[in-house]
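Q: I would like to learn how to read a structure feature by feature. Where should we begin?
A: Let us look at the model and start with strand pairing.

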Amino acid sequence: MHELGVVIEVVKTVERVVLEQNLNKVDTIVLQIGELSSMIPRYIRECYPAAVDRTILQDTKLEIEILPGNGICKDCNNVFNLLENNRKCPKCESSNWEVLCGKEFFIKEIIAC
């Protein structure tokens with residue numbers, strides 16, 4: 001489970017931002033995770049309490065936004081969700097596509113109170 005290591009790095013990054021920006025208290029951290037990324041949101045949520053334990057972020061909430069895994073068909077230029085369509089273009093049934101989005105993993109927002 002590589003998610004724990006990733007969450008620990010997220011916590012370190014947010015702690016650095018909190019110190020640099022002189023934020024008093026953080027309420028929520030918002031992550032964006034693409035459907036096609038190697039991160040599993042459920043595991044991220046499960047690792048989060050251990051990663052923030054005894055840090056300045058230990059009372060924060062975690063929100064996760066899932067970004068769609070979209071591709072574009074190279075044969076007909078149709079944009080479609082790869083997972084919902086079994087990685088085949090629903091318009092022409094081609095498997096000749098390119099990923100447009102969905103591999104992202106971002107710290108979208110640090111909400112201070």
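Q: In which sense do strand β3 and β4 pair, and over how many bridges?
A: This is a predicted model. Strand pairing is read from bridges, with at least two needed between two strands. Here β3, residues 70-73, runs antiparallel to β4, and three bridges join them. One residue pair to look up is N70 with its bridge partner N81 in β4.

Q: What is the strand order of the open sheet?
A: Read across the sheet, not along the chain. The order is β4-β3-β5 and the pairing is antiparallel. β4 and β5 are the edge strands, each pairing on one side only. From one strand to the next, the twist averages 40°.

Q: How many residues does the largest nonpolar core have, and which have the most contacts inside it?
A: A nonpolar core is built from buried residues, so we look for side chains joined within 4.5 Å. The largest one here has 17 residues. V7, V11, V14, I29, I44 and L57 have the most contacts inside it. Two or more residues come from each of α1 (3-20), β1 (26-34) and α2 (41-52).

Q: Which residues does V7 touch, leaving out those up to four places away in sequence?
A: V7 touches I44, C47, Y48 and A51. There is also a second, separate core, made of five residues. Among them are L36, C73, F80 and C89.

Q: What is the usual sign of phi in residues other than glycine?
A: Most of them have a negative phi. Look for the exceptions. R54 has a positive phi, near 65°. E93 is not a glycine either, and its phi is positive at about 65°.

Q: Where are R54 and E93 placed?
A: R54 lies in the loop between α2 and β2 (61-67). E93 sits in the loop between β4 (79-81) and β5 (97-101).

Q: Is R54 buried or exposed?
A: Compare relative accessibility with the cut-off: exposed means over 50%. R54 is at 76%, so it counts as exposed. E93 has a relative accessible area of 59%, so E93 is exposed too.

Q: Which feature does UniProt place at H2?
A: Treat a record as a record. The unreviewed UniProt entry gives "binding site" at H2. Then turn to the coordinates. H2 is in the segment before α1. H2 counts as partly exposed because its relative accessibility is 43%. Beyond its neighbours within four places in sequence, H2 is in contact with S38 and M39.

Notes. Residues numbered from 1 in each chain as written. Predicted model: local features only at pLDDT ≥ 70, side-chain atom pairs only at ≥ 80, totals over all residues. Heavy atoms only, no water. Buried < 20%, exposed > 50% of the residue type's maximum accessible area, 1.4 Å probe, protein only. Helix = DSSP H or I, 4+ residues; strand = E, 2+ residues; numbered from the N terminus. Contact = heavy atoms within 4.5 Å. Axes fitted to C-alpha atoms, helices over the stretch in contact; angles between N-to-C directions. UniProt positions renumbered as here; feature names shortened; annotations may be inferred.
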